[in-house]
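Please open the structure in your viewer and keep the selection panel at hand, since this tour moves from one selection to the next.

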Amino acid sequence: MTLKKKMLLGYGVVFFFLGLVVAWAVGNLIFLGAATDAILKENYRSISAAENMVAALERQDSAVLFTIIGEAEKGIALFRAQESDFLQWMARAKDNVTITGEDDLLRKIDKRFAEYRALIFKFTSGQEVAVPEKLQPKEYYFTTLFPLFSEIRETCIQLRKMNENTMYSASIRANTIASRAIYSTIAVAASALVLALIFSLALSERIANPVKELMKASRKIADGDYSVQVPVKTKDELGLLAIEFNKMSDQLAQYHQMNIGQILAEKKKVETILATIDDGLVVFNLDNQITDINFSARKMLVLELRDCLGRTPYEVFPDKSLCDQISEAIRTGSKPDINEEDCYITLKKGGTVKHYFFAISVFRGEDGTLSGVVLLLRDVTRLKEVERLKSEFVMAASHELRTPLTSIGMSIDLLIENSSQNLNARQNELLHVAHEEINRLKALVGDLLDLSKIEAGKIDLDLEKVAVQQLAERVATLLMRQIEEKEITVEYRVADDLPLTKVDSNKISWVLTNLVANAVRLVPKGGHVQLSARMVGKHIHVSVHDDGPGIPLEYQSKIFQKFVQIKGSESGGTGLGLAICKEIIRAHGGAIWVESKIGQGSTFTFTLPVCQQEFAYGNQVSAGSR
Amino acid sequence: METKSVLVVDDEKNIRMTLSLTLEPMGFRIQTAVNGEEALEKLASNGFWLILLDLKMPGMDGIEVLRQVKKNYSKIRVIIITAHGTIESAVEAMKLGAVDFIQKPFTANEIRELVNQVAVRETLDESKADDYQSLIEICKRHVTDGHIDLARETAKKAIAKDPAKPEAYNLLGAFIEIRGDWLEAQKFYRAALDIDPSFKPAQANLERTTSFHKFGKIALWPEAEKPEAGKNEEDKGE
């Protein structure tokens, strides 16, 4: 049975009881109506007939009296009229005989009235005959007529009373019926109400129970119990709902199972990747402790897993600055801001020295809070080795080039000396081209040697405390001739209160000279060059500004690379000067960059470490370079 | 001036040839040797005033030749030709009395100038020498003659003459280094560089003495202009 039918049935039962009550009440009403009607029919008419009969009789009596007093004609007319009235009412009374004894009374009245009428008739029509001589009319009336009249009247009244009594008792009976109807209706209605209530309760219980079960089951699913099943007891909509619900919970359980499987598979995948990659990975929690370390990283550190977990980086890594950076990353929640060139550490493994590139990154949970820090270590020993070999090769090649360069150079020198008079102008020009290019080649070989020496890590810094002013003055004296030749104004803006720097003064002078020489070469005749130095944060920034042609944007990032020269500009340099500058500044732990706009000149700036800082740059450099 | 003989010892045929052609116009008689053995043979049969000696040769190398020369022909002047910025046996060469070095690549004028310097040095009279450059040259002559102590004194004189020039400081540093006092030597190299940061010989010396490998030559004067100073080279004009 469907839920709809059940509910209709529930209503139906209630309606049925309601109908029952109504029918009962209606029946009672009809019964009551019939009782009252009976009273009207049976008694009320008889009573009114008796009443009228009495009235008519009395009028007839009056008519007799009319006759006696001499108004015979009036009396007779009245009598006749009342006589028919009387007879008429008596006929009605006869039609409505309902009570035992009534019939007898009516017959008696009929008989007596017939006698009375006959006497009257005799008395009026045959006066002379009928009225005995001896008797006076007056006497006749009192002796004969009046007693008869009284008797008839009494009988009529008796009839009325009889009917009245019957009516009264009928009325009492009707009353009894009415009160019985009220009570019975109340009883029926009450019992119907109780039955309907009981039925409704039972029905609602039947409907609500499965819903409650579903509710409980949903709550369990919400709590993660996917095995829950709802009992299917009925075949109605709720039963269907329970079946669907069970299907749903089955599927949810399956999905859940699948998800866990996927997560596990994902985890396995990640673990496998971490275990197989050559890069070392170390995960730190927010307490600066190692929570995870892959095989490669353990190999790099020559450590067993149990020796790593829970340790701080200071216990595991020999390089303090790396540990500081990890702690810093955990503290600030952001990647440490370090130059890529500084992201290298050296670890000893057995007897061999290995070089590693490292990168620190932070990772966050879903809500954006810091979860930990990951340290990546990449073995770059081979790369470094290749780099070293490359530098060595370049160095060796440059060396080997020197001897032929000498021969060629001298040959050309001798040709220019001895044979130029035998050559025409164009041939002489060619000879000078060769001479110039030889000089350039020599410069190139020299620069290459310097650069490869620096790149091979053979740069040895001879650190000393120097004032920036001193460096600037040296440059000024060195380049005095070129500056004067081009009529260039050189402006010095070196702050007086600058602290001493701790640098290799020769190498920094070299850098500064190179930058100023470039500027001098680039500015037009009579141009301006500005050399300034100021304190920015913890470092001294030294800038060389010129009002030359400027450097195109696309070159600004590359200009410090080897052999990068701006197209279309007549440089005459080797394309290595700035690369060497960069290496020297880097060896000092500083940075060098350029800001420039076409047509507005360029500014080269580099940073120098301040002496007061107790950074052991010497140690750092030597550690990094060997 | 009597015709002086010069011996060019280099395994490179083209260097021998170009050097010969460069020096001939100066009025020297030039002979060449392809290696140490041939050089010693020629030395035995001929009298030479000057030897241009390549340090790196197959067979008997330059240092051995230098040693023989200083032992047997102490009057012969020697100019060492190198292709390397640093030479492991430079201190050795210095001790042996080689004070004149020239580094490849050099130009014709540079070698001529150097030879000329050596020639002029011979004629200088120490008692009359009064200018800085002469003192430097006399100082170098003392080295050539194996008188390191005299050379040191002369260098000091030169410094007193003109404290604002780097060469004398550098030479003094080199002499002290030969004695084995690196730290003291470095002070003088630095002093030279303080005067002229681009003074290459002092740079090379300082680099060598401060570097991990305590090798290398002792540079005594600017050799062929280095590329960074290339602008100077152009300016100098031929």
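The stops below take each chain in turn and then the place where the two chains touch. Bear in mind throughout that this is a predicted model.

Begin by selecting chain A and showing it as a cartoon, where 18 helices and 12 strands can be traced. If you then colour chain A by burial, 28% of its 626 residues count as buried. Among the contacts in chain A with a separation of 6 or more, 67% are made by residues 24 or more positions apart.

Next, hide chain A and select chain B, whose secondary structure comes to 11 helices and five strands. Chain B has 238 residues, and here buried residues make up 51% of them. For chain B, residues 24 or more positions apart account for 56% of the contacts with a separation of 6 or more.

Now show both chains together and select the residues through which they touch: 29 residues of chain B are in contact with 28 residues of chain A. Which elements of chain B give two or more residues to the side that touches chain A? To find them, select helix H1 (13–23), helix H5 (108–123), helix H10 (200–210) and helix H11 (230–236) of chain B, one after another. Linger on H1(B), because with five residues it gives the most to this side of chain B.

As a last step, keep the side of chain B that touches chain A selected and colour its residues by character, which divides them into 10 nonpolar, 12 polar and seven charged.

Terms used. Residues numbered from 1 in each chain as written. Chains lettered and ligands numbered in written order. Predicted model: local features only at pLDDT ≥ 70, side-chain atom pairs only at ≥ 80, totals over all residues. Helix = DSSP H or I, 4+ residues; strand = E, 2+ residues; numbered from the N terminus. Buried ≥ 20, exposed ≤ 12 C-beta atoms within 10 Å, placed from the backbone. Contact = placed C-beta atoms within 7 Å. Nonpolar A, V, L, I, M, F, W, Y, C, P; charged D, E, K, R; others polar.
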